[in-house]
Amino acid sequence: MLQAIGLTSAPRRDLPPAVDDLTFEARPGRVTALLGAPDSGKTTVLRLMLELEPGRGVTYFRGRPLHRIAHPAREVGVLLGDVPGHPARTVRSQLRMLCAASGVPASRADDMLEVVGISGLRDQRLGTLSLGMDRRLGLAAALLGDPCTLVLDEPADGLSLREQSWLHGLLRGHAAHGGTVLFTTADPKEAARTADRVVTIDEGRLVADQEAVDFARTRLRPRVAVRTPHAARLADLVAREARAAQRSVEVVAEDGNRLSVYGSSCAIIGETAFRHGILVHQLADEVGDSGPTAASAVPGPSGPSGRSGAEESLAPPALPHPVRNPLRPFRYELRRVAGVRTAPLVAAVVLASSVVIAVLLARTGHTPLPQVFAAWPEFFPLPPAALGAGLLGALAFGEEFRYPALAADRGTVPRRLGLLLAKLTVSAGVALLLAGLSAAAAMTAVRLVYGGDVTQLPADWVPLASSWAGLTIGCAWAGLLAAGVFRATAAGLAAVLAVPVLVVPLVHKAIAHPSARSAVGFPARLRELAWVEWPHAADRWLVAAMRVMSQPVGAALTLSLVALLCAYLFTGLRSRARW
């Protein structure tokens, strides 16, 4: 059972709250419609229930609020608007990525595609889906975790009659198996035709909570829809003849040249128009809505809201909580990287640029071999491999905010350490792969063009390789953390470029002054303080790491990473404290 108690949104400025003390329930095995005109607060109600907006009140899903549920996707399936995802990702790839986030087997994606009837579109790109197919994909995503409760925001809006019929049949089937279904709609006829119970709200307040049969009897009544260029004249004639015949007829002028006549029939209206020579473009029987004021809220034993005064005063605030981490974050991140062609395209551009630059640098004969293999001219701020790694790192969080997948219907991307660790690990692996491929491609191209004598490895190739790996990984992490802090890919790439352009000159000035003391023997002194004795061979690697960090680029990159990591953790903690 779904129970919403005292939902009240936080007021903005001097405006009243969009939702004010709303209480209702949706029972299992039944379809409940939340009916309201546009801007009546329906979407805000759902966001309060899902703890996406600040406010007061609490919503229980089978007796527990959402933040107390260990795996929310397995309890509540949500569809708010269109399916958010990268337009280049395939339908199957999107669902398999969400399976990793929900902790369900990847085979569940194919099963849900069969259920919603789009298994033939599994290789279709999200950006090419029609509205109906996009809505079916959203329902498949909501059903991935086999939830007990479905919460949908106007799922039939904009669909054809055939798609609406299919959708309502799916919701009815979920309820028939004991599930709870809550959907919003602005169409009273859809609510009466589809739902078992209709909860009507207006301006965020409860207007009526009725069975669908009672709702149809009290809220819906037949009318005659008339469209004519002489609407005012016909309305006056119909009202005048009704008074003369002592019949109860109500004429309502709609937008444009449209009239809604209650208490009459098409035959009577047609005869009136014919007698007076009035042109009629439309004349049809319809079922109309008598408006939210026609039905009053059914008061409970303790007041209009059906709750006692103690319950009203003790209703806890509905505070948004961060969305939980993917249950399988590494699998999720790997599928996110491999789901689109961005990474292969960036790698191809990096390899091609590295080959061209390395061949041009080796042609002069004045550039040291490490710079040739890295394809790093002196006038470049960073080599192509480092820039590519930084771009891919920035996309790790930048694409999440632009095309959310984890938080398809629950706000922003979560700032959890598990997801951060997965992104850092995967981006480091991609950066190492990109660095190795670019260096190998540059070396092969130089050997092919100028012969093998030019490409002999230097004696200190181990620390050089470590420096090269550290540079690419540091750029990837800098882009990732900056994109996570500023929530944009461009900000992540700007942070990568800021290291050699802004931070390196400052660090160079700081370390350029002569030093009166030396750090020689630091590994030995560090071994004396350590609790565990490490092998002497590790001293060489420690010295190599210190040598890399002592360089201007290494020191600047280290400082940037530390600052970005602190900023990332600080913004994450601050957002949790605010909510």
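In the predicted model, Thr 32 touches residues from several separate stretches of sequence, namely Glu 25, Ala 26, Arg 27, Val 181, Leu 182, Phe 183, Ala 195, Arg 197 and Val 199, when residues up to four places away are not counted. Thr 32 belongs to strand S3, which spans residues 31-35, and is buried, with a relative accessible area of 1%. One of its contacts, Ala 26, is placed in strand S2, where Ala 26 stands opposite Leu 2. Strand S2 (residues 22-26) is itself mostly covered, four of its five residues being buried, and S2 pairs with strand S1 (residues 2-9) in the antiparallel sense over four bridges.

The loop between S1 and S2 contributes Asp 20 to a salt bridge with Arg 205 of strand S9 (residues 205-211), a link between parts of the chain 185 residues apart. The closest N and O atoms of Asp 20 and Arg 205 are 2.4 Å apart. Asp 20 counts as partly exposed because its relative accessibility is 21%, and Arg 205, at 48%, falls in the partly exposed class as well. A second salt bridge joins Glu 154 to Lys 42, with the closest N and O atoms 3.4 Å apart. Glu 154 lies in the loop between strand S6 (149-153) and helix H5 (161-176), whereas Lys 42 lies in helix H1 (residues 42-49), so this pair ties together parts that are 112 residues apart in sequence. Glu 154 is partly exposed, with a relative accessible area of 25%, but Lys 42, at 4% relative accessibility, counts as buried.

Within helix H11 (residues 329-338), Arg 336 and Glu 333 are three residues apart, about one turn of the helix, and form a salt bridge in which the closest N and O atoms are 2.8 Å apart. Both residues of this pair, Arg 336 and Glu 333, are buried. Through shared partners, salt bridges join Glu 333, Arg 336, Glu 399, Glu 400 and Lys 423 into one network. In the whole structure, the search finds 21 salt bridges.

Glu 399 is also among the residues touched by His 86, together with Leu 126, Val 340, Thr 342 and Tyr 403, residues up to four places away in sequence not being counted. His 86 lies in the loop between strand S5 (76-80) and helix H2 (91-102) and counts as buried, at 13% relative accessibility. The C-alpha atoms of His 86 and Arg 402 are separated by 8.2 Å, although the two residues are 316 positions apart along the chain. Over a shorter span of 12 residues, the C-alpha atoms of Ala 239 and Val 251 are separated by 7.1 Å. Ala 239 is found in helix H8 (residues 231-244) and counts as partly exposed, at 23% relative accessibility.

On the surface, Leu 417, Leu 565 and Leu 569 form a nonpolar patch with about 260 Å² of accessible area together. Leu 565 lies in helix H20 (residues 552-578) and is partly exposed, at 34% relative accessibility.

The chain as a whole contains 20 helices and 13 strands, and 46% of its 579 residues count as buried. Its accessible surface comes to about 28,400 Å², of which 61% belongs to carbon and sulfur atoms. Among contacts with a separation of 6 or more, 74% involve residues 24 or more positions apart. The average pLDDT is 83, and 80% of the residues score at least 70. Over residues 291-315, however, the pLDDT is below 50, and this stretch has 31 contacts in the model beyond near neighbours in sequence. Where pLDDT is low, predicted coordinates should not be read in detail.

How values were computed. Residues numbered from 1 in each chain as written. Predicted model: local features only at pLDDT ≥ 70, side-chain atom pairs only at ≥ 80, totals over all residues. Heavy atoms only, no water. Patch = residues over 30% accessible without salt bridge, like charges linked within 9 Å, V, L, I, M, F, W, Y side chains within 5 Å. Areas by Shrake-Rupley, 256 points an atom, 1.4 Å probe, with all protein chains shown as cover. Salt bridge = Lys/Arg side-chain N within 4 Å of Asp/Glu carboxyl O. Helix = DSSP H or I, 4+ residues; strand = E, 2+ residues; numbered from the N terminus. Buried < 20%, exposed > 50% of the residue type's maximum accessible area, 1.4 Å probe, protein only. pLDDT = per-residue confidence, 0-100. Contact = heavy atoms within 4.5 Å. Pairing = 2+ DSSP bridges.
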